[in-house]
Amino acid sequence: MINVLIVDDQVMVREGFSVLLNAMPDIEVIGEAVNGRDAVQQVAALRPDVVLMDIRMPEVNGLEATREIAAADADAKVLVLTTFDLDEYVYQALRAGASGFLLKDASAGQLAEGVRIVASGEALLAPTVTKRLISEFSRLGAPRQPAQERIGDLTERETEVLVLVAQGLSNGEIAEHLVVAESTVKTHVSRILVKLGLRDRTQAAVFAYETGLVTPGF
């Protein structure tokens with residue numbers, strides 16, 4: 001059972017998502033939060049698997065809450081909720097530690113599948129967001145040297161897998177591309193995350209862009 005915490009300052013949004021998710025046999029909503037401060041407290045108390053996080057909220061917004069949850073090394077995966085796929089905070093949320101994003105007008109099936117994907121450790125990035133990330137990294141310019149030096153800790157195959165992760169490929173697609181078993185890819189991804197001190201594959205993708213390992217126009 002995947003335990004979910006819903007964070008949104010609008011009652012109707014919280015109730016709507018709760019009804020949709022609780023109807024799924026493998027998902028249970030264990031709590032709701034009205035702002036970022038409330039979210040951080042409830043994550044610590046309830047230890048959910050996935051946090052559906054709205055960004056624009058009063059007092060403490062979702063961006064700051066995501067950053068605090070990630071800093072606390074919580075096991076919860078943060079799935080950002082946004083009204084627009086080009087929300088100005090999407091990039092910042094991913095940098096802060098979010099595992100992906102989902103539009104608020106997603107269908108019940110898309111919402112449930114998004115929760116499952118993030119809970120399993122996969123990234124949830126729509127093509128429009130991937131393009132935005134590429135654009136943002138282009139604007140930022142030179143790679144970050146300290147992060148770039150950490151690539152040396154990876155083996156040649158791990159570096160290859162990291163590049164494919166950053167390009168948005170799933171474990172199954174990477175396995176097919178490299179002609180190896182999917183379990184082998186999972187092992188590589190796990191080792192990459194441990195060596196680089198990253199939370200999940202979304203953070204790995206951000207790292208790959210920041211270091212210049214993957215560049216716009218790949």
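**Exercise 1. Length of helix 5**

Task: In this predicted model, what span should the 12 residues of helix 5 (residues 108-119) have at 1.5 Å a residue, and how far apart are its end C-alpha atoms?

Solution:
- Take 1.5 Å times one less than the number of residues. For helix 5 the expected span is 16 Å.
- Now check the model. The end C-alpha atoms of helix 5 are 17 Å apart, which agrees.

**Exercise 2. The buried side of helix 5**

Task: Which residues of helix 5 are buried, and what do they pack against?

Solution:
- Apply the cut-off: buried means under 20% relative accessible area. In helix 5 this picks out Leu111, Ala112, Gly114, Val115 and Val118.
- Look down the helix axis. The buried residues fall within an arc of 155°, so they line one face of helix 5.
- List the partners. Five strands' worth of names can be read off in order: strand 1 (2-7), strand 2 (27-33), strand 3 (50-54), strand 4 (77-82) and strand 5 (100-103) pack against these residues, and helix 1 (11-22) does too.
- Move past the end of the helix. Just after helix 5, Gly121 has a positive phi of about 95°.

**Exercise 3. Strands 1 and 2**

Task: How many bridges join strand 1 to strand 2, and which residue of strand 2 is the bridge partner of Val4?

Solution:
- Strand 1 and strand 2 run parallel, joined by 6 bridges.
- Val4 has Val29 in strand 2 as its bridge partner.
- Add the connection. With helix 1, the two strands make a β-α-β unit, and it is right-handed.

**Exercise 4. The two sides of helix 9**

Task: Which residues of helix 9 (residues 171-178) are buried, and which exposed residues lie on the face turned away from them?

Solution:
- The buried residues of helix 9 are Asn171, Ile174, Ala175 and Leu178.
- They cover an arc of only 100° around the axis, so they sit on the same side of helix 9.
- Turn to the face away from the buried side. It carries the exposed residues Glu176 and His177.
- Ask what covers the buried residues. The cover includes helix 8 (156-166), helix 10 (182-196) and helix 11 (201-210).
- Step beyond the helix. Val179 follows helix 9, with a positive phi near 60°.

**Exercise 5. His188**

Task: Is His188 buried or exposed, and which residues does it contact beyond four places in sequence?

Solution:
- Locate it: His188 is in helix 10.
- Its relative accessibility is 13%. The cut-off for buried is under 20%, so His188 counts as buried.
- Leave aside neighbours within four places in sequence. His188 is then in contact with Arg157, Glu158 and Val161.

Technical notes
Residues numbered from 1 in each chain as written. Predicted model: local features only at pLDDT ≥ 70, side-chain atom pairs only at ≥ 80, totals over all residues. Heavy atoms only, no water. Buried < 20%, exposed > 50% of the residue type's maximum accessible area, 1.4 Å probe, protein only. Helix = DSSP H or I, 4+ residues; strand = E, 2+ residues; numbered from the N terminus. Arc of directions from axis to C-beta. Contact = heavy atoms within 4.5 Å. Pairing = 2+ DSSP bridges. Right-handed = clockwise from strand over helix to strand, strands pointing away.
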